[in-house]
Amino acid sequence: MKTRCDVREFASCTGCGACRAVCAFDALRMVYDAEGFAYPRIDGDRCTDCGACRAACPVDQTEAAPWLLSYAARNTNEDVRGASSSGGVFTLFAEAVLGRGGIVFGAALFLEEDGPALRHVGVENATGLVALRGSKYLQSDLGDVFCEAKAALDAGREVLFSGTPCQVAGLYAVLKGPQANLLTVDLVCHGVPSPLVFSKYVRHLEAQHGQRVRALSFRDKRRGWKDFCLAATFADGSEHVAGQTEDMFMVAFLRNFCLRPSCHVCPFAGEKRQADLSLADLWGAHRLMPGKDDDRGLSLVLANSQGGKQALEAVQGQLWLEPVEADAFIRENPSILHPTQGHPRRAAFMRHLQKRGFNGLEKYFLPPGLLRRAANKVLRIPGGVLRRVKRHLCKH
């Protein structure tokens, strides 16, 4: 069997699927490894070794320009901002494209019988847009979206594509560059967790509560924007609500236990952005602009191209905007310039997960709390001292 265009062995593979999308012979499919990440596999009976898949890989095609403008922003519609992960800015760009008869592609979470799945889908109305709003902390399945976006552009329709920087780069690789009717929006990416890890997490919650999860928000704001929670709603209406330092999945994500290997060597994390627009939380807003931070969410918006700048100007009547200096916001969000470092215990975490799921993870991988730190200090007291303390207590 031919294997020359099988890139699974390379740690830099992002799983974007551009190689599969350009194959004229349907010789590539995406398969999942033991950690739950998708990689391309070749069908040797179909492959003609034309090299199209290798040429389409965006990993070595990272030419891009530094951003032109940087802003703090929030949607003036407070309902939209409250339902969004940060400032509700993405919705405005999407509504503008939909209003002109275009189509918007983004990631939607599906909670199905056989497990949760995050898939890129195309929507053509405001009702469908609701599913694309908000952060989802796992890698999405792009399916045939690159081909669908190309077909829409070829038909003269306007397209907005949102995704991670590597996914935007994959789309550009398939289209052979930016297109006149295409607006791309990426996010400042911390890295993408494994869908398998998330599926095991949801099953763990369901086993604990004896109910199916019917809805889930990765960025619930009931405690505020900065102290956001993961909130899962079960079939009987009960909830699991835990903060980012309490919930085991969020801890695994934020401490880099379960990110895709390529995230730690990502060529798309840097000053030169892939998309027309980049969106992020404006972390540090309470210091950068304390009078504007009401803890309901502020976005950082980077306009990286003339097309992005024009898209921003077109919706500025529905935005509060204020320029921010790069040095200030980069200090608070290093993922803008640098890939996320892997956790030294990542391999141990994944082995535990594959054997036992989320059972017992807190004991071995959660940051030590106050009680655990106190217990550890007690355990470090010499035995002789403990015996003397015990005798003293017994006398009294």
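Two strands count as paired if DSSP finds at least two bridges between them. The exercises below apply this idea and a few others to the structure above, which is a predicted model.

**Exercise 1. Find the residue of β13 that stands opposite Val185, and place the two strands in their sheet.**

Solution. Begin with the strands themselves: β8 covers residues 182–187, β13 covers residues 277–281, and the two pair in the parallel sense over three bridges. Within this pairing, the residue of β13 that stands opposite Val185 is Leu277. Next, widen the view to the open sheet of eight strands, whose order is β6-β5-β7-β8-β13-β14-β4-β15 and whose pairing is mixed. The edge strands of this sheet are β6 (115–123) and β15 (319–323), each of which pairs on one side only. On average, and with direction ignored, neighbouring strands of the sheet are turned by 30° against each other. Finally, look at what lies against the sheet: helix α7 (residues 165–175) packs on it and touches β6, β7 (159–163) and β8, while the direction of α7 makes about 155° with that of β8.

**Exercise 2. Describe how helices α6 and α7 cross, and decide which word fits their angle.**

Solution. Two packed helices are described by the angle between their axes and the distance between the axes. Here the axes of α6 (residues 145–154) and α7 come within 10 Å and cross at roughly 55°. Angles under 35 degrees count as roughly parallel, and those from 65 to 115 as roughly perpendicular, so α6 and α7 are oblique to each other. The crossing in which α6 passes α7 is right-handed. To see the residues involved, select Phe146, Ala149, Lys150 and Leu153 in α6, which meet Gln167, Gly170, Leu171, Val174 and Leu175 in α7. Sorted by class, this contact of α6 with α7 holds six nonpolar, two polar and one charged residues.

**Exercise 3. Asp26 and Asn256 both have a positive phi; determine whether each is buried or exposed.**

Solution. Take Asp26 to begin with: its phi is about 50°, although Asp26 is not a glycine, and its place is in the loop between α1 (18–22) and β1 (28–32). The relative accessibility of Asp26 is 51%, and the cut-off for exposed is over 50%, so Asp26 counts as exposed. Turn then to Asn256, a residue other than glycine whose phi is near 70°, and which lies in the loop between α9 (248–254) and β12 (272–273). Because its relative accessibility is 10%, and buried means under 20%, Asn256 counts as buried.

Conventions: Residues are numbered from 1 along each chain as its sequence is written. This is a predicted model: local features need pLDDT of at least 70, side-chain atom pairs count only at pLDDT 80 or more; totals for chains, interfaces and linings use all residues. Side-chain values use heavy atoms; hydrogens and water are left out. Helices (H or I, at least four residues) and strands (E, at least two) are DSSP runs, numbered from the N terminus. Axes are lines fitted to C-alpha atoms, for helices over the stretch in contact, and angles run from 0 to 180 degrees between N-to-C directions. Contact means heavy atoms within 4.5 Å. Buried means under 20% relative accessible area, exposed over 50%, partly exposed in between (1.4 Å probe, protein chains only). Angles under 35 degrees count as roughly parallel, over 145 as roughly antiparallel, 65 to 115 as roughly perpendicular and the rest as oblique. A crossing is left-handed if the near helix is turned anticlockwise from the far one by less than a right angle, and right-handed if clockwise. Ala, Val, Leu, Ile, Met, Phe, Trp, Tyr, Cys and Pro count as nonpolar, Asp, Glu, Lys and Arg as charged, and the others, Gly among them, as polar.
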